[in-house]
Structure formats: C-alpha cells, structure tokens
Amino acid sequence: MNQAYFSGISGVMTHQYGLDVVADNLANVNTVGFKGSTAEFTDLFSNMLVSAGASTPTTNDIGIGSRLQSTTTQMQNGTLLSSDRFNDLAISGNGWFGVVSGNNSYYTRAGNFVFDEYQKTAGDPNSSVARLTTTDGKYVTGTMLSNFAYNGSFDYGDFDLNGVTGAYVVNDPTNDVALGSVDSQGILEFPTRIAYPVEPTTQAQFFGNLGTDNATRTISADVVSANNERNRLSLSFTLSAVQPLDQVAWDVVATVTSNDGSTVYDTKNGQAIFNGTGGLSSFNIASMDNDGTPVALDLGSGFDGVISIDGTTITGTSRSNGVSGGTLTKYGINSNGVIVADFSNGRQSAIGRIAVYHFQNDQGLNRSGDNTFESSADSGEPIFWTNQNGEAVTGSLVYSGKLENSNVRLDVGLTDMIIMQRAYQANAKCITTGDELIQKALQMHGR
C-alpha cells in the first residue's frame with residue numbers, strides 16, 4: 001500500500017517531465033532547424049517479496065516506480081521551405097553548420113543566416129566584407145580561399161565608371177574549394193566590392209575562304225586591351241596585282257582601332273601566300289599592338305584557318321582570347337557549399353566554402369540554447385567525411401534559398417500530450433487511492 005503511494009509519486013514526476021518535453025517540442029513546431037526530443041523512461045529498482053533462497057517458478061519482486069532516463073534528439077530531417085534569400089541555407093542529409101562566438105564553437109541546423117559588414121582596412125569603405133552570421137551574432141565557419149586580395153589603388157572606375165578606386169581583385173579564378181582540415185576552418189567573409197581583372201587578348205585566330213576573284217575581303221575580331229577596352233582588329237584581304245607561279249597571293253592590311261573607329265592603335269601591311277590547292281603557305285604579319293598589348297595573329301596552316309579556293313566564299317569568322325574586366329553582380333552557394341561570385345563579364349570564381357560538420361554520435365551533442373548544440377565527450381569531436389582519396393567532402397547537399405523547418409510533427413505531439421496527460425492522471429489516482437487506503441487502515445487500527 002505504501003509502495004503504491006510512492007510509485008504513484010514517481011509516476012507523476014516522470015510524466016510531468018515527459019509533458020515538459022512534449023510541450024517544448026510543440027512550442028518549437030515552427031522554429032527553423034529545430035530538432036525535437038523524445039522522453040525515455042525506465043523503472044526504478046524493485047522490492048523482493050521472497051528471500052533469495054526460496055525457489056519460485058516466477059519472479060518474486062515488485063517494482064517501485066519509474067524515472068526519466070534520457071531525452072533523445074530526433075535526428076530526422078525537417079521539411080524544406082523555399083526562401084528568396086541566397087544566404088538562407090538548409091542541409092539535406094546528415095551534418096551541421098558550424099558557428100563560433102569568441103572561442104566557443106557551436107553547431108546548428110538552422111540556416112537563417114544574415115550578414116554583418118565591417119571594414120578590413122579602417123577608414124576605407126571599399127575594403128568592406130560581409131560576414132555570414134546567425135541572427136544572434138555567431139559567425140558561420142568554413143574555408144576561405146586566398147585567390148583574391150584587396151588593392152586600395154585598383155581603378156574600379158574602369159569597370160563601373162564611378163571613378164572610385166579600391167576593390168578586392170580575383171587573381172586566380174577557380175570553380176572548386178577544398179575544405180582542408182576541421183581545425184583550419186574560420187569565419188566566412190564575402191567582399192562587398194570585388195572585381196574580375198582584365199585579361200588582355202594575346203591571340204586572335206581567323207577562319208574563312210577568300211575565294212580567288214578580285215574582291216576585297218575583311219575578317220574582324222574583338223580584342224580586349226589592358227585598359228578594359230574592347231577594340232577591333234581587322235584584316236583586309238585584296239588579291240595581289242602580281243601573282244607568284246602556281247600560288248595565290250593576297251595583300252593584307254591589318255589594323256587595330258577603337259570599337260567606334262575613332263582611334264587607330266596599329267596598322268601593318270603584309271601578304272598571305274596560298275599554295276596551288278588553296279592552303280595557306282605563309283603570312284608575314286606576326287602580331288599587332290592593341291593599345292600596348294601585342295596580339296599574335298593566327299591564320300592557321302594548310303586548310304585549318306584562312307584558305308583561298310574556287311567556289312563559294314565562306315564568311316570569315318574569328319576567335320580571340322582575353323576577358324573584359326567585370327564587377328560583382330551577385331553571390332551564390334552551390335550544393336557542395338561552395339561560395340561563387342558572379343561578375344558582370346559573365347565569369348565566375350569560387351572564393352570559399354561553407355563547412356558541414358559530422359559527429360560519431362549526434363545523440364551525444366549537448367543543447368546550448370538559441371537552436372545550437374555543443375560537442376561533448378559522448379558526441380566526440382567534429383569531423384569531416386572523406387572520399388576514397390582521403391579528401392574532405394560535405395557528405396550532404398547544401399541548399400541555398402531554402403530553410404529546414406522544425407522536424408516536430410504536430411499530430412504526434414498532440415497525441416503524446418494526451419498520453420502524458422492520461423498517464424499523469426492515472427498516477428495521481430494511485431496517490432489518492434493509496435492515501436485513502438492508508439486512512440482506512442488507520443481507522444481500522446484505531447478501532
């Protein structure tokens with residue numbers, strides 16, 4: 001009788017804790033990245049009714065209550081919600097975003113990140129970078145490349161015509177970023193002013209059939225100067241008045257001008273000689289000056305470039321290298337967490353990568369509030385998954401423009417709440433029933 005009383009008390013306390021867990025889950029049903037918990041109970045020690053020496057065919061003890069053993073974290077993914085911000089991130093699969101505050105490291109599934117801007121060089125607004133942070137100011141970690149650097153005298157005005165100098169400049173464009181080691185991860189920084197530098201044209205290739213009639217043909221190519229100007233390199237072909245034996249000769253006038261033709265940077269005269277079958281034998285203009293940058297001329301050889309044969313004249317075409325300078329138009333984050341800068345010239349370059357951390361035992365992580373967790377002896381230290389070559393990989397997909405919603409199911413939570421409520425009431429009834437029986441026994445003893 002006394003045991004029923006105390007077992008009821010332990011049951012009430014146990015299911016009170018269980019109801020607290022359910023209530024917390026329901027309170028966070030719309031919290032981004034929240035992982036719900038499950039209350040797990042266990043029984044207390046039991047009281048043996050018969051001495052250990054007795055032989056009985058069944059158990060001979062009575063349990064004396066229950067207690068809360070643990071609260072396990074529900075690790076299944078929540079549903080993904082679309083967002084219109086590229087800095088809203090979600091992980092599909094296993095893994096955690098890493099964030100830091102001072103010397104403390106935390107881990108979260110909530111990717112509703114914002115930007116915190118500051119000047120790397122005090123007093124120079126063009127040296128500003130935007131750091132990716134949580135809403136409460138913790139910095140998101142990952143790998144930053146060293147393929148760009150700040151240049152305070154860089155003439156950004158060449159690109160956007162605003163006359164402002166100073167910008168970060170990409171010096172080694174790339175499409176991928178290696179994560180490195182866990183210990184090497186740092187705060188992610190997005191330069192707010194970053195430029196893709198000019199790559200002046202160094203070679204121009206020409207193609208086409210000049211035919212054999214006495215008409216002037218012109219083939220042109222766009223060439224980029226070191227001053228970020230897109231100029232025009234033209235080759236004008238006129239059948240030579242004096243023709244060599246068994247060959248065809250064309251006089252060539254090569255010019256480099258500004259795109260509108262108002263400025264002439266270089267002019268050269270030469271000759272192209274074709275063999276009896278129309279294949280190119282020689283061309284004596286090696287290069288042209290494009291406002292200070294030499295551009296090699298390539299008419300091919302034999303029949304793989306410019307030719308001169310009877311038949312339909314093929315419209316001349318050209319191909320040249322070089323890239324105009326560009327300014328930042330937007331940032332993007334791909335499914336591997338790579339941070340990519342898009343530029344106004346159509347080029348891209350990766351500048352960093354968001355780290356996705358893993359643990360040997362996710363259940364061992366300790367909740368630390370603000371939708372974050374901390375590692376513990378039970379979880380182990382954070383690690384990166386690796387491929388067969390030993391290279392660190394994300395191990396999951398990172399979605400930009402999406403958020404992971406809470407994984408708490410409202411229907412399950414409401415059902416659990418009813419179960420906890422009924423169990424609480426039943427245990428409370430045990431207490432009142434035990435109390436009534438004790439009172440009855442006392443009354444009988446008093447008689």
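Biologist: How do the residues lining the largest pocket divide into nonpolar, polar and charged?

Modeller: Happy to help, and keep in mind that this is a predicted model. The largest pocket has a volume of about 230 Å³, and 17 residues line it. Sorted by class, that lining divides into seven nonpolar, eight polar and two charged residues.

Biologist: Which helix gives the most to the lining of the largest pocket?

Modeller: Let's look at who takes part. The elements that give two or more residues to this lining are helix 1 (2-27), strand 1 (37-43) and helix 3 (410-446). With five residues, the top contributor is helix 3.

Biologist: Which residues lie closest to the centre of the second largest pocket?

Modeller: This second pocket has a volume of about 180 Å³. Its lining holds seven nonpolar, four polar and two charged residues. Strand 7 (96-101) and strand 8 (104-108) are the elements giving two or more residues to it. Of the 13 lining residues, the closest to the centre are Val100, Ser105, Tyr107, Val182 and Tyr357.

Biologist: Now to a sheet: which are the edge strands in the order 18-19-20-21-22?

Modeller: Good one to trace by eye! Five strands form this open sheet, with antiparallel pairing. An edge strand pairs on one side only, and that holds for strand 18 (217-224) and strand 22 (280-283).

Biologist: What stands opposite aspartate 222?

Modeller: Start with strand 18, which pairs with strand 19 (residues 230-239) in the antiparallel sense over eight bridges. Across from aspartate 222, in strand 19, you will find arginine 232.

Technical notes. Residues are numbered from 1 along each chain as its sequence is written. This is a predicted model: local features need pLDDT of at least 70, side-chain atom pairs count only at pLDDT 80 or more; totals for chains, interfaces and linings use all residues. Side-chain values use heavy atoms; hydrogens and water are left out. On a 1 Å grid over the protein atoms alone, a cavity is a set of points where a 1.4 Å probe fits but cannot get out, and a pocket is an open set with protein on both sides within 12 Å along at least five of seven lines; lining residues have an atom within 4 Å of a point. Grid points are joined across faces, edges and corners, and a volume is the space filled by probe spheres set on the points. Helices (H or I, at least four residues) and strands (E, at least two) are DSSP runs, numbered from the N terminus. Ala, Val, Leu, Ile, Met, Phe, Trp, Tyr, Cys and Pro count as nonpolar, Asp, Glu, Lys and Arg as charged, and the others, Gly among them, as polar. Two strands pair if DSSP finds at least two bridges between them.
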